Structure formats: C-alpha cells, structure tokens
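I open my notebook and go through one protein model, entry by entry. I keep each note short.

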Amino acid sequence: QDYVPTAVDLAETRLIKEVFKEGVAQDFDQPVNQGDNKITKPVGYRAARDIYTITGTTTVRLLKRPRSFITEYHPDSSVEGTPKYYADFDGSTFIVCPTPDALTTYRMHYIGRASKLSDAIQTNFFTDFCADVLFYATMIEMCRFDKDMDARADWEAAYQNGIKSLANEAKRERGDDDQHHTSLDDSVNQ
C-alpha cells in the first residue's frame, strides 16, 4: 500500500515518455502588477502556444520575439504601456514589453506536464482523459514491485490495447486518414 503513490508516479511518467511526449495542452492565468514586466512560467512548462493580456474587457495576443528584440525595442523597462511582445527571459520567466501600465492578467495556452496525482491533487489530465490506461500502467508497476511477472504481462497487454484505442480516438477526432501522425500515433507504431 505504501508503494501505490510511487507506482502511480511511475505510470504517469511512462505515459508522458511513451504517449504524450510533448506534454498536454493547458491554460494558466497569472495576474501581474503595473510596472512588472516578468511573467513566471507555470510548473511543468515546456512550450507556449499563445500568451494574451487581459486588462479590463480588452484581450490582446502578445507576439513572441527573441530577447534581443525586447531589449532593443524597449530598452527602458521603466517606460510603461500596453504589452505587445514577449520573450523567454530565462528558464522560468518570460519578459514582456512595453512594461504594463495597469494591473494585467496574462492568459497562457501552453504545453506542459500534467499535474502529478497526490493526496492534494486527486484528478489530472490522465484521470480525466485516459483513466483506464493510467490504471493499467499503475498495475504494471505494482506487479513489478510484487515480482508477479504473469500478471504484469496481462496488464501490459491491456495497456497496449488502451494505447491503441487512444491513438484511434485521436485519429477519429482529427478525421485523419493516416497522412498525419502525432506522438500518440508514433508510440503505438513502435
């Protein structure tokens, strides 16, 4: 019973490595005070799809630029205005310009690691989207721990069937005729 959280964590890691290689699409809102030109990247962040500013009733999509553009375009961060651009500042932060002249909420659509299940977090992307496959992967890890290789083989077969079902579902949703492949498709075909 003490091993269950470890087994679930290993199962989530396996799903990320084998199926959701790029991560999962997520949204993140972060309010930032006037005069603050930095946005903290969310935990598990891998890549931004879009970042928007929300000020009052106005929503504006920011354009991604290299950091050198930001420093050349807006060298004095004390000059405030409506943000138009963003760039990676470092591994955990974005920089925007111009520096916001009002309390601003940033809405980020990004690719990242799903929240890990824990005592405090009872649901996540995997429990919502592919609970059966997460369960099979967890049972595989429990069988490894118990050294029950016969049962492990049965759970592995169920896991592989679940992965094929996910890939087929993804193809149906896209209306795909095998011309385009996702990492989900590739993981099944390996």
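**Terms first.** Buried means under 20% relative accessible area, exposed means over 50%, and partly exposed is what falls in between. I also note that this is a predicted model.

**Entry 1: Y52.** Is Y52 buried, exposed or partly exposed? I looked up its relative accessibility and found 23%, so Y52 counts as partly exposed. Y52 lies in strand β3. Next I listed what Y52 touches, leaving out residues up to four places away in sequence. One group of contacts is T59, V60, R61 and L62. The other group is T105, Y106, R107 and H109. Then I checked a distance from Y52 to M149. The two are 97 residues apart in sequence, and their C-alpha atoms are 50 Å apart in space.

**Entry 2: R61 and D50.** R61 came up among the contacts of Y52, so I stayed with it. Which residue does R61 meet in a salt bridge? The partner is D50, with N to O at 2.7 Å. R61 sits in strand β4, residues 58-61, and D50 sits in strand β3, residues 45-55. The pair therefore ties together parts that are 11 residues apart in sequence. I checked exposure for both. R61 has 46% relative accessibility, so I call R61 partly exposed. D50 has 19%, so D50 counts as buried.

**Entry 3: salt bridges in helices.** I looked up the total and found that the structure holds eight salt bridges. As a general reminder, side chains of opposite charge can pair when their charged atoms come close.

I took E18 and R14 next. Their closest N and O atoms are 3.0 Å apart, and the two form a salt bridge. How far apart are E18 and R14 in helix α1? They are four residues apart in that helix, residues 4-18, which means about one helical turn separates them. E18 is partly exposed because its relative accessible area is 29%. R14 is at 13%, so R14 is buried. This pair does not stand alone: R14, E18 and E156 are linked in a network of salt bridges.

Then I turned to E141 and R144. They form a salt bridge, with the closest N and O atoms 2.9 Å apart. Both are in helix α4, three residues apart, so about one helical turn lies between them. E141 has 5% relative accessibility and therefore counts as buried. R144 has a relative accessible area of 39%, so R144 is partly exposed.

**Entry 4: A131 in helix α4.** I stayed in helix α4 and looked up A131. Its relative accessible area is 40%, so A131 is partly exposed. How far is A131 from G162? Their C-alpha atoms are separated by 9.9 Å, and they are 31 residues apart along the chain.

**Entry 5: K147 and the charges.** K147 lies in the loop between α4, residues 131-146, and α5. I read off its phi and got a value near 60°. That is positive, in a residue other than glycine. I noted it because most residues other than glycine have a negative phi. K147 has 67% relative accessibility, so K147 counts as exposed.

Which residues gather in a patch of negative charge on the surface? I found D146, D148, D150 and D154. I followed one of them, D154, into helix α5, residues 149-174. D154 is at 56% relative accessibility, so D154 counts as exposed.

**Entry 6: Y73 and a cis bond.** Where is Y73? I found Y73 in helix α2, residues 67-73. Its relative accessibility is 37%, so Y73 counts as partly exposed. Setting aside neighbours within four places in sequence, I found Y73 in contact with K84, Y85 and C97. I also checked Y73 against D36. They are 37 residues apart in sequence and 17 Å apart in space, C-alpha to C-alpha.

C97 led me on to P98. A cis peptide bond joins C97 and P98, with omega about -10°. I marked this one because most peptide bonds are trans. P98 is in the loop between β8, residues 93-97, and β9, residues 99-100.

Definitions and conventions
Residues are numbered from 1 along each chain as its sequence is written. This is a predicted model: local features need pLDDT of at least 70, side-chain atom pairs count only at pLDDT 80 or more; totals for chains, interfaces and linings use all residues. Side-chain values use heavy atoms; hydrogens and water are left out. Patches are made of residues with over 30% relative accessible area and no salt bridge: like charges are joined within 9 Å, nonpolar side chains (Val, Leu, Ile, Met, Phe, Trp, Tyr) within 5 Å. Accessible areas come from the Shrake-Rupley method with a 1.4 Å probe; for residues, only the protein chains shown count as cover. A salt bridge is a side-chain nitrogen of Lys or Arg within 4 Å of a carboxyl oxygen of Asp or Glu. Lys and Arg count as positive and Asp and Glu as negative; His and the chain ends are not counted. The place of a charge is taken as NZ of Lys, CZ of Arg, CG of Asp or CD of Glu. Helices (H or I, at least four residues) and strands (E, at least two) are DSSP runs, numbered from the N terminus. Buried means under 20% relative accessible area, exposed over 50%, partly exposed in between (1.4 Å probe, protein chains only). Contact means heavy atoms within 4.5 Å.
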